Amino acid sequence: MKILVTGGAGFIGSAVVRQAIARGHRVVNLDALTYAACLDNVASVADSPAYAFEHADIRDRAALDRIFAAHAPDAVMHLAAESHVDRSIDGPGDFVETNITGTYNMLEAARAYWVARGKPADFRFHHISTDEVFGSLPADPSVKFTEETPYDPRSPYSASKAASDHLVRAWHETYGLPVVLTNCSNNYGPFHFPEKLIPVIILNALAGKPLPIYGDGSNIRDWLYVEDHADALLTVVERGDLGRSYNIGGENERTNLELVRTLCAILDEKRPKASGSYADQITFVTDRPGHDARYAIDPTRIRTELGWRPSVTVEEGLARTVDWYLGNEAWWKPLQARHGVGQRLGVKA
């Protein structure tokens with residue numbers, strides 16, 4: 001397929017771009033190159049004849065129409081979004097404009113293109129979303145998010161993603177646009193922008209800075225290695241049933257405190273301090289407003305219908321992630337310097 005990937009210079013989007021080309025697809029990477037995007041993330045495929053880049057904003061409908069006409073994609077994988085919960089609390093307007101209005105523009109541009117080409121049956125619009133649209137779960141480990149869980153967003157970020165999910169379903173039901181949707185758990189791995197929890201912990205630890213954890217660290221997340229997520233997303237766009245949604249999880253629930261302690265133990269082994277443990281730098285900070293207690297994915301549908309499941313445990317994935325950050329200072333140091341990141345505590349991909 002030729003796949004139009006929005007947000008393909010971001011963390012998850014770049015993993016999709018790299019894997020899609022490795023699987024033999026052609027890719028058009030559409031990205032506005034906002035603060036969290038970096039073309040270094042796709043440098044390994046930038047010279048491939050199967051790769052093209054379009055610097056454009058999904059809020060610019062005219063640009064979208066031009067890109068659809070110029071590249072004639074077989075599928076869209078829509079990942080472009082504002083995704084940081086703390087930033088959404090501080091400035092919700094950008095999240096409304098990008099995640100809601102931007103998705104509306106993508107749907108309308110895709111629909112116009114699809115209609116103009118005679119409504120090809122093999123076209124796909126794949127909308128990539130988050131498990132945060134479902135709200136917060138109780139501590140009971142038997143209770144997990146399924147595709148039928150009612151929506152209950154609790155932050156401006158999750159509310160904007162819930163709205164975009166509803167738009168995608170409405171365009172399928174009203175106009176027949178062939179769509180698939182996915183809702184994922186927390187991602188981590190190489191090229192993760194340095195304001196999110198795992199890179200903050202790794203980089204603050206190496207710098208001798210406090211390792212900040214919200215509240216008492218008891219909030220639980222299901223952690224999904226980004227390369228596994230990219231594999232799942234490509235599986236859905238290739239074989240998912242139209243109109244169907246699929247929850248994608250890592251099957252790796254951990255409290256934030258457990259996660260940070262695991263990272264500290266890995267760093268103690270791979271880059272030991274002169275004395276003591278990196279865990280000595282753990283600091284508890286005031287919790288953020290509306291902090292969801294627990295997220296957990298029931299991945300039964302994607303496992304039984306499409307045969308997908310994650311390939312790595314969180315311990316394996318975290319070790320790989322630490323190795324990547326230790327070996328790629330030339331990637332993250334300029335981002336830290338350019339954006340002054342490192343103190344925010346986002347725990348979402």
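Start by selecting α6 together with helix α8 (residues 256-270): the two pack at an angle of about 40 degrees, and their axes are 10 Å apart. One thing to keep in mind as you click around is that this is a predicted model. Angles under 35 degrees would count as roughly parallel, so α6 and α8 are oblique to each other. Turn the view until one helix lies over the other, and you're looking at a right-handed crossing of α6 and α8.

Now show the side chains at that contact. On the α6 side, pick Leu 197, Ile 198, Ile 201, Ile 202, Ala 205 and Leu 206. Facing them from α8 are Asn 256, Leu 259, Val 260, Leu 263 and Leu 267. Colour them by class and you'll get 10 nonpolar residues, one polar and no charged ones where α6 meets α8.

**Next stop: α6 and α10**

Keep α6 (residues 197-207) on screen and add helix α10 (residues 314-327). Here the packing angle is about 55 degrees, with 11 Å between the axes. That makes α6 oblique to α10. The crossing of α6 and α10 is right-handed.

Which residues of α6 make the contact? Select Ile 198, Pro 199, Ile 202, Leu 203 and Leu 206. From α10, add Leu 318, Thr 321, Val 322, Tyr 325 and Leu 326. The contact of α6 with α10 divides into nine nonpolar residues, one polar and no charged.

**Closing the triangle: α8 and α10**

Hide α6 for a moment and look at α8 with α10. Their axes come within 10 Å and cross at roughly 55 degrees. That makes α8 oblique to α10, and the crossing of α8 and α10 is right-handed.

For the contact, α8 brings Leu 259, Thr 262, Leu 263, Ile 266, Leu 267 and Lys 270. From α10, select Val 314, Glu 315, Leu 318, Ala 319, Val 322, Asp 323 and Leu 326. How many charged residues does the contact of α8 with α10 have? There are three, alongside nine nonpolar and one polar.

Bring α6 back and check a few residues you've already met. Leu 259, Leu 263 and Leu 267 of α8 are part of the contact with α6, and they turn up again in the contact with α10.

**Off to the largest pocket**

Time to leave the helix trio. Select Leu 79, Ala 80, Ala 81, Glu 82 and Ser 83, the residues that lie nearest the centre of the largest pocket. This pocket has a volume of about 670 Å³, and 35 residues line it. To see where the lining comes from, light up α1 (11-22), β2 (26-31), α4 (93-116), β5 (124-130) and α5 (156-175), the elements that each give two or more residues to it. The lining of the largest pocket is 17 nonpolar, nine polar and nine charged.

**Last stop: the cavities**

The structure also holds two cavities of 30 Å³ or more. Go to the largest cavity, with about 50 Å³ of space inside. Its lining is Val 85, Glu 132, Arg 154, Ser 155, Arg 288, Pro 289, Gly 290, His 291, Asp 292 and Tyr 295. Sort those by class, and the largest cavity is lined by three nonpolar, three polar and four charged residues.

Definitions and conventions:
Residues numbered from 1 in each chain as written. Predicted model: local features only at pLDDT ≥ 70, side-chain atom pairs only at ≥ 80, totals over all residues. Heavy atoms only, no water. 1 Å grid on protein atoms, 1.4 Å probe; cavity = no way out; pocket = protein on both sides within 12 Å on 5 of 7 lines; lining within 4 Å. Points joined across faces, edges and corners; volume = space filled by probe spheres on them. Helix = DSSP H or I, 4+ residues; strand = E, 2+ residues; numbered from the N terminus. Nonpolar A, V, L, I, M, F, W, Y, C, P; charged D, E, K, R; others polar. Axes fitted to C-alpha atoms, helices over the stretch in contact; angles between N-to-C directions. Parallel < 35°, antiparallel > 145°, perpendicular 65-115°, else oblique. Left-handed = near helix turned anticlockwise from the far one by under 90°. Contact = heavy atoms within 4.5 Å.
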